[in-house]
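Hi everyone, thanks for making time this morning. I'd like to walk you through a protein that will be new to most of you, so please get comfortable and have a look at the screen.

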Amino acid sequence: EKQVFQLRAHMYQARSLFAADSSGLSDPFARVFFISQSQCTEVLNETLCPTWDQLLVFDNVELYGEAHEMRDDPPIIVIEIYDQDTVGKADFMGRTFAKPVVKMSDEQYCPPRFPPQLEYYQIYRGNATAGDLLAAFELLQIGPGGKSDLPPIDGPMDMDRGPILPVPLGIRPVLSRYRVEVTNVHVERCLGRESISKGVGKAGGNWEYQGAVHGGLAGNQAAASLKKTGNGIDLPENELLHPPLNIRVVDCRAFGRYTLVGSHTVSSLRKFIYRPPDRKAQHWNMAG
(Lines give C-alpha, C1' and ligand atoms only; values in the text may rest on other atoms or scores of the structure.)
Protein backbone atom coordinates (compact mmCIF):
# COMPACT_ATOMS: atom_id res chain seq x y z
CA GLU A 1 0.00 0.00 0.00
CA LYS A 2 1.43 3.38 -1.02
CA GLN A 3 1.76 6.11 1.59
CA VAL A 4 2.78 9.70 0.74
CA PHE A 5 4.79 11.78 3.22
CA GLN A 6 6.64 15.04 3.65
CA LEU A 7 10.02 14.89 5.39
CA ARG A 8 11.22 17.93 7.31
CA ALA A 9 14.92 17.93 8.18
CA HIS A 10 15.70 20.60 10.78
CA MET A 11 19.44 21.11 10.32
CA TYR A 12 20.52 23.44 13.10
CA GLN A 13 24.23 23.01 13.79
CA ALA A 14 27.28 20.77 13.71
CA ARG A 15 30.21 20.92 16.12
CA SER A 16 33.81 19.71 16.43
CA LEU A 17 34.07 18.86 12.74
CA PHE A 18 37.18 17.58 11.00
CA ALA A 19 39.58 20.33 9.86
CA ALA A 20 39.79 19.72 6.13
CA ASP A 21 41.81 22.79 5.10
CA SER A 22 45.40 23.76 5.86
CA SER A 23 44.06 26.77 7.77
CA GLY A 24 42.77 24.40 10.45
CA LEU A 25 39.17 25.15 9.43
CA SER A 26 36.63 23.87 6.89
CA ASP A 27 33.89 25.17 4.61
CA PRO A 28 31.20 22.66 5.58
CA PHE A 29 27.81 21.83 4.20
CA ALA A 30 25.50 18.87 4.84
CA ARG A 31 23.75 16.65 2.31
CA VAL A 32 20.64 14.81 3.49
CA PHE A 33 19.59 11.59 1.71
CA PHE A 34 16.14 10.04 2.10
CA ILE A 35 14.85 7.29 -0.20
CA SER A 36 15.51 8.65 -3.73
CA GLN A 37 15.83 12.35 -2.80
CA SER A 38 18.66 14.47 -1.46
CA GLN A 39 19.14 18.12 -0.52
CA CYS A 40 21.99 20.26 0.75
CA THR A 41 22.35 23.00 3.31
CA GLU A 42 24.17 26.19 2.45
CA VAL A 43 27.98 26.32 2.69
CA LEU A 44 29.40 28.16 5.70
CA ASN A 45 32.98 29.27 5.29
CA GLU A 46 35.91 28.83 7.69
CA THR A 47 34.32 27.13 10.66
CA LEU A 48 34.35 23.82 12.52
CA CYS A 49 30.98 24.56 14.17
CA PRO A 50 28.59 25.64 11.40
CA THR A 51 25.19 26.94 12.48
CA TRP A 52 23.12 26.33 9.36
CA ASP A 53 19.77 26.94 11.08
CA GLN A 54 18.08 25.58 7.97
CA LEU A 55 14.93 23.57 7.26
CA LEU A 56 15.05 21.15 4.32
CA VAL A 57 11.63 20.01 3.06
CA PHE A 58 11.25 16.80 1.02
CA ASP A 59 7.83 16.76 -0.65
CA ASN A 60 5.85 13.79 -2.02
CA VAL A 61 7.98 11.04 -0.52
CA GLU A 62 6.36 7.74 -1.55
CA LEU A 63 6.70 4.75 0.76
CA TYR A 64 5.13 1.31 0.50
CA GLY A 65 3.92 -0.77 3.42
CA GLU A 66 1.45 -0.89 6.27
CA ALA A 67 0.75 2.36 8.10
CA HIS A 68 1.71 1.00 11.54
CA GLU A 69 5.01 -0.28 10.13
CA MET A 70 5.82 3.16 8.75
CA ARG A 71 5.11 4.76 12.09
CA ASP A 72 7.09 2.32 14.21
CA ASP A 73 10.00 1.61 11.86
CA PRO A 74 10.51 4.40 9.30
CA PRO A 75 13.34 4.38 6.76
CA ILE A 76 16.76 5.66 7.82
CA ILE A 77 17.98 9.14 6.90
CA VAL A 78 21.62 9.46 5.85
CA ILE A 79 23.42 12.75 6.49
CA GLU A 80 26.87 13.39 5.05
CA ILE A 81 29.10 16.36 5.81
CA TYR A 82 31.39 17.79 3.12
CA ASP A 83 34.03 20.49 2.85
CA GLN A 84 33.44 22.76 -0.14
CA ASP A 85 36.57 23.46 -2.19
CA THR A 86 36.91 26.35 -4.61
CA VAL A 87 38.47 23.98 -7.14
CA GLY A 88 37.46 20.36 -7.64
CA LYS A 89 34.83 18.29 -5.90
CA ALA A 90 33.86 18.60 -2.25
CA ASP A 91 35.80 16.55 0.31
CA PHE A 92 33.95 14.00 2.44
CA MET A 93 34.19 14.81 6.18
CA GLY A 94 31.88 12.34 7.86
CA ARG A 95 28.50 10.61 7.97
CA THR A 96 25.71 9.97 10.44
CA PHE A 97 22.28 8.32 10.45
CA ALA A 98 18.91 9.23 11.93
CA LYS A 99 15.31 8.04 12.07
CA PRO A 100 12.48 10.57 11.81
CA VAL A 101 9.58 10.96 14.20
CA VAL A 102 6.52 9.87 12.18
CA LYS A 103 3.07 11.46 12.25
CA MET A 104 0.24 9.69 10.45
CA SER A 105 -2.58 11.77 8.96
CA ASP A 106 -5.06 10.71 11.66
CA GLU A 107 -2.75 11.77 14.53
CA GLN A 108 -2.62 15.15 16.25
CA TYR A 109 0.47 17.31 15.95
CA CYS A 110 0.95 17.95 19.67
CA PRO A 111 3.24 17.12 22.63
CA PRO A 112 4.91 15.00 23.73
CA ARG A 113 6.03 13.72 20.31
CA PHE A 114 5.64 16.94 18.35
CA PRO A 115 7.24 19.21 17.57
CA PRO A 116 10.41 17.05 17.63
CA GLN A 117 13.30 18.20 19.77
CA LEU A 118 16.84 18.76 18.54
CA GLU A 119 19.17 15.83 19.22
CA TYR A 120 22.89 15.22 18.85
CA TYR A 121 23.93 12.62 16.26
CA GLN A 122 27.51 11.33 16.32
CA ILE A 123 29.35 11.86 13.02
CA TYR A 124 31.80 9.17 11.91
CA ARG A 125 34.66 9.28 9.44
CA GLY A 126 35.48 5.63 8.92
CA ASN A 127 35.78 4.15 12.40
CA ALA A 128 36.75 7.46 14.00
CA THR A 129 34.39 10.05 15.44
CA ALA A 130 34.34 13.32 13.48
CA GLY A 131 31.99 15.64 15.35
CA ASP A 132 28.30 15.90 16.17
CA LEU A 133 25.20 17.03 14.31
CA LEU A 134 22.43 18.89 16.16
CA ALA A 135 19.21 18.29 14.22
CA ALA A 136 15.64 16.99 14.29
CA PHE A 137 13.68 15.03 11.69
CA GLU A 138 9.94 14.52 11.24
CA LEU A 139 8.04 12.49 8.64
CA LEU A 140 4.47 13.73 8.13
CA GLN A 141 1.88 11.72 6.22
CA ILE A 142 -0.04 13.65 3.57
CA GLY A 143 -3.70 12.69 3.95
CA PRO A 144 -6.70 13.07 1.62
CA GLY A 145 -6.76 16.84 2.26
CA GLY A 146 -3.30 17.27 0.78
CA LYS A 147 -0.43 19.33 2.16
CA SER A 148 -2.84 21.99 3.43
CA ASP A 149 -3.58 19.65 6.37
CA LEU A 150 0.09 19.52 7.41
CA PRO A 151 1.17 21.61 10.42
CA PRO A 152 2.30 25.09 9.33
CA ILE A 153 5.95 26.06 9.35
CA ASP A 154 6.23 28.86 11.92
CA GLY A 155 8.88 31.57 11.30
CA PRO A 156 11.06 33.39 11.88
CA MET A 157 11.51 34.33 8.25
CA ASP A 158 14.80 35.92 7.27
CA MET A 159 14.32 37.83 4.01
CA ASP A 160 18.09 38.25 3.62
CA ARG A 161 18.45 34.47 3.19
CA GLY A 162 16.08 34.33 0.24
CA PRO A 163 14.51 30.89 -0.28
CA ILE A 164 16.34 29.36 2.71
CA LEU A 165 13.91 28.40 5.48
CA PRO A 166 15.17 28.62 9.09
CA VAL A 167 14.44 25.99 11.72
CA PRO A 168 10.90 26.79 12.98
CA LEU A 169 10.00 28.25 16.33
CA GLY A 170 9.37 25.54 18.89
CA ILE A 171 12.27 23.48 17.51
CA ARG A 172 15.09 26.00 17.22
CA PRO A 173 16.75 26.90 20.55
CA VAL A 174 15.81 30.06 22.43
CA LEU A 175 18.80 32.41 22.17
CA SER A 176 20.31 34.87 24.63
CA ARG A 177 23.03 37.47 24.16
CA TYR A 178 26.48 36.60 25.58
CA ARG A 179 29.81 38.39 25.58
CA VAL A 180 32.84 36.13 25.26
CA GLU A 181 36.16 37.27 26.72
CA VAL A 182 39.46 35.46 26.21
CA THR A 183 42.43 36.58 28.32
CA ASN A 184 45.98 35.45 29.08
CA VAL A 185 46.87 33.51 25.95
CA HIS A 186 50.31 31.91 26.37
CA VAL A 187 52.47 30.50 23.59
CA GLU A 188 55.54 28.54 24.64
CA ARG A 189 58.20 26.65 22.67
CA CYS A 190 56.06 26.49 19.54
CA LEU A 191 58.28 28.56 17.24
CA GLY A 192 61.94 27.98 16.54
CA ARG A 193 62.70 31.44 15.17
CA GLU A 194 61.80 35.07 15.62
CA SER A 195 58.28 35.63 14.37
CA ILE A 196 54.85 37.00 15.15
CA SER A 197 51.82 34.78 15.62
CA LYS A 198 48.16 35.57 15.81
CA GLY A 199 45.59 33.85 18.03
CA VAL A 200 42.17 33.30 16.50
CA GLY A 201 39.17 31.98 18.41
CA LYS A 202 35.70 31.07 17.13
CA ALA A 203 32.54 29.98 18.88
CA GLY A 204 29.95 28.38 16.66
CA GLY A 205 31.56 29.84 13.56
CA ASN A 206 29.97 33.24 14.23
CA TRP A 207 32.47 34.94 16.52
CA GLU A 208 36.20 35.36 16.57
CA TYR A 209 38.92 37.26 18.34
CA GLN A 210 42.36 38.16 17.03
CA GLY A 211 45.40 39.54 18.78
CA ALA A 212 49.12 39.62 18.21
CA VAL A 213 51.17 37.06 20.09
CA HIS A 214 54.89 37.77 19.78
CA GLY A 215 56.98 34.63 19.76
CA GLY A 216 60.71 34.48 20.31
CA LEU A 217 63.43 31.86 20.06
CA ALA A 218 62.75 28.31 21.16
CA GLY A 219 62.35 28.15 24.92
CA ASN A 220 61.17 31.73 25.26
CA GLN A 221 57.63 32.40 26.46
CA ALA A 222 55.24 34.97 25.08
CA ALA A 223 51.87 36.09 26.33
CA ALA A 224 49.11 38.37 25.19
CA SER A 225 45.89 39.51 26.71
CA LEU A 226 43.01 39.38 24.27
CA LYS A 227 39.57 40.69 25.03
CA LYS A 228 36.46 40.70 22.85
CA THR A 229 33.92 43.37 23.66
CA GLY A 230 31.05 44.93 21.77
CA ASN A 231 27.55 43.63 21.22
CA GLY A 232 28.43 39.98 21.89
CA ILE A 233 26.97 36.88 20.23
CA ASP A 234 23.70 34.96 20.42
CA LEU A 235 23.93 31.52 22.05
CA PRO A 236 21.22 29.06 23.17
CA GLU A 237 19.83 29.56 26.65
CA ASN A 238 20.29 25.81 27.14
CA GLU A 239 23.97 25.64 28.09
CA LEU A 240 24.22 22.04 26.86
CA LEU A 241 23.71 23.34 23.32
CA HIS A 242 26.58 25.85 23.46
CA PRO A 243 29.15 25.22 20.70
CA PRO A 244 32.81 24.72 21.61
CA LEU A 245 35.38 27.50 21.37
CA ASN A 246 38.09 26.79 18.77
CA ILE A 247 41.42 28.58 19.20
CA ARG A 248 44.01 28.66 16.44
CA VAL A 249 47.56 30.01 16.52
CA VAL A 250 48.95 30.98 13.12
CA ASP A 251 52.37 32.21 12.07
CA CYS A 252 52.24 35.49 10.14
CA ARG A 253 54.44 35.26 7.05
CA ALA A 254 55.37 37.81 4.44
CA PHE A 255 52.81 39.16 1.97
CA GLY A 256 49.91 38.48 4.32
CA ARG A 257 50.33 34.71 4.36
CA TYR A 258 49.52 32.58 7.41
CA THR A 259 50.71 29.13 8.45
CA LEU A 260 48.85 27.15 11.07
CA VAL A 261 51.00 26.51 14.14
CA GLY A 262 48.45 24.70 16.26
CA SER A 263 44.90 24.68 17.55
CA HIS A 264 42.95 23.88 20.68
CA THR A 265 39.25 23.28 21.35
CA VAL A 266 37.49 24.22 24.56
CA SER A 267 34.70 21.67 24.30
CA SER A 268 32.45 23.25 26.93
CA LEU A 269 32.16 26.85 28.07
CA ARG A 270 29.71 25.95 30.81
CA LYS A 271 32.20 26.20 33.69
CA PHE A 272 33.37 29.61 32.48
CA ILE A 273 29.95 31.27 32.47
CA TYR A 274 29.76 34.23 34.82
CA ARG A 275 26.72 34.15 37.06
CA PRO A 276 25.96 37.41 38.87
CA PRO A 277 25.61 37.01 42.64
CA ASP A 278 22.09 36.96 44.04
CA ARG A 279 22.03 40.28 45.87
CA LYS A 280 18.65 39.58 47.45
CA ALA A 281 19.95 36.35 48.97
CA GLN A 282 23.07 38.14 50.21
CA HIS A 283 20.96 40.87 51.81
CA TRP A 284 18.73 38.27 53.48
CA ASN A 285 21.79 36.44 54.89
CA MET A 286 23.27 39.66 56.25
CA ALA A 287 19.96 40.66 57.81
CA GLY A 288 19.65 37.25 59.43
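I'll begin with the whole chain and then visit a few spots within it. Please keep in mind throughout that this is a predicted model.

Let's start with the overall picture. The protein has 288 residues, and 42% of them count as buried. Its secondary structure consists of two helices and 17 strands. How much of the contact network links residues far apart in sequence? Looking at contacts with a separation of 6 or more, 64% of them involve residues 24 or more positions apart. As for the outside, the protein exposes about 16200 Å², and carbon and sulfur atoms supply 50% of that area.

Now let's go inside. The largest nonpolar core has 29 residues. Which of them touch the most other members? Those are Phe5, Met11, Val32, Ile79, Ile81, Leu133 and Phe137. Several strands each supply at least two residues of this core, among them strand S1 (2–15), strand S5 (77–83) and strand S9 (128–141). Apart from this core lies another one, of eight residues, including Val182, Leu245, Val266 and Leu269.

Let me stay with Phe5 for a moment. If we leave aside its neighbours within four places in sequence, Phe5 is in contact with residues including Phe58, Val61, Leu63, Met70, Val102, Met104, Leu139 and Ile142. Its contacts also take in Asp59, Asn60 and Gln141.

Next, the aromatic rings. There are four aromatic pairs in the structure. One of them I'd like to show you is formed by Tyr82 and Phe92. Is that pair stacked or edge-to-face? The pair is edge-to-face, with 5.9 Å from centre to centre and 70° between the planes. Tyr82 sits in strand S5 and Phe92 in strand S6, so this pair ties together parts that are 10 residues apart in sequence. The two partners are covered to differing extents: Tyr82 counts as buried at 17% relative accessibility, whereas Phe92 is partly exposed at 30%. Phe29 joins in as well, since ring pairs link Phe29, Tyr82 and Phe92 into a cluster.

Just before strand S5 we find Ile76, in the loop between helix H1 (67–72) and S5. Is Ile76 buried or partly exposed? With a relative accessible area of 48%, Ile76 is partly exposed. Beyond its neighbours within four places in sequence, Ile76 is in contact with Phe33, Phe34, Phe97, Ala98 and Lys99. Take Phe97 as an example: it is 21 residues from Ile76 along the chain, yet their C-alpha atoms are separated by 6.7 Å.

Now a polar spot. Asn246 belongs to strand S16 (residues 245–252). With a relative accessible area of 8%, Asn246 is buried. What does its side chain do there? The side chains of Asn246 and Thr265 are joined by a polar contact of 2.9 Å.

Lastly, the cysteines, where I'll mention two. Cys40 is partly exposed, with a relative accessible area of 27%, and Cys110 also counts as partly exposed, at 36%. How many disulfides does the model hold? The count comes to zero.

That's my tour. Thanks for listening, and I'm happy to go back to any of these spots.

Methods
Residues are numbered from 1 along each chain as its sequence is written. This is a predicted model: local features need pLDDT of at least 70, side-chain atom pairs count only at pLDDT 80 or more; totals for chains, interfaces and linings use all residues. Side-chain values use heavy atoms; hydrogens and water are left out. Helices (H or I, at least four residues) and strands (E, at least two) are DSSP runs, numbered from the N terminus. Buried means under 20% relative accessible area, exposed over 50%, partly exposed in between (1.4 Å probe, protein chains only). A polar contact is a pair of N or O atoms within 3.5 Å; within protein, one must be able to donate a hydrogen and the other to accept it, and residues adjacent in sequence count only if both atoms are side-chain atoms. Contact means heavy atoms within 4.5 Å. Accessible areas come from the Shrake-Rupley method with a 1.4 Å probe; for residues, only the protein chains shown count as cover. A disulfide is a pair of cysteine sulfur atoms within 2.5 Å. A nonpolar core is a set of buried Ala, Val, Leu, Ile, Met, Phe, Trp, Tyr and Cys residues joined through side-chain atoms within 4.5 Å. Rings of Phe, Tyr and Trp (its six-membered ring) pair if their centres lie within 6.5 Å; planes under 30 degrees apart count as stacked, over 60 as edge-to-face and the rest as tilted.
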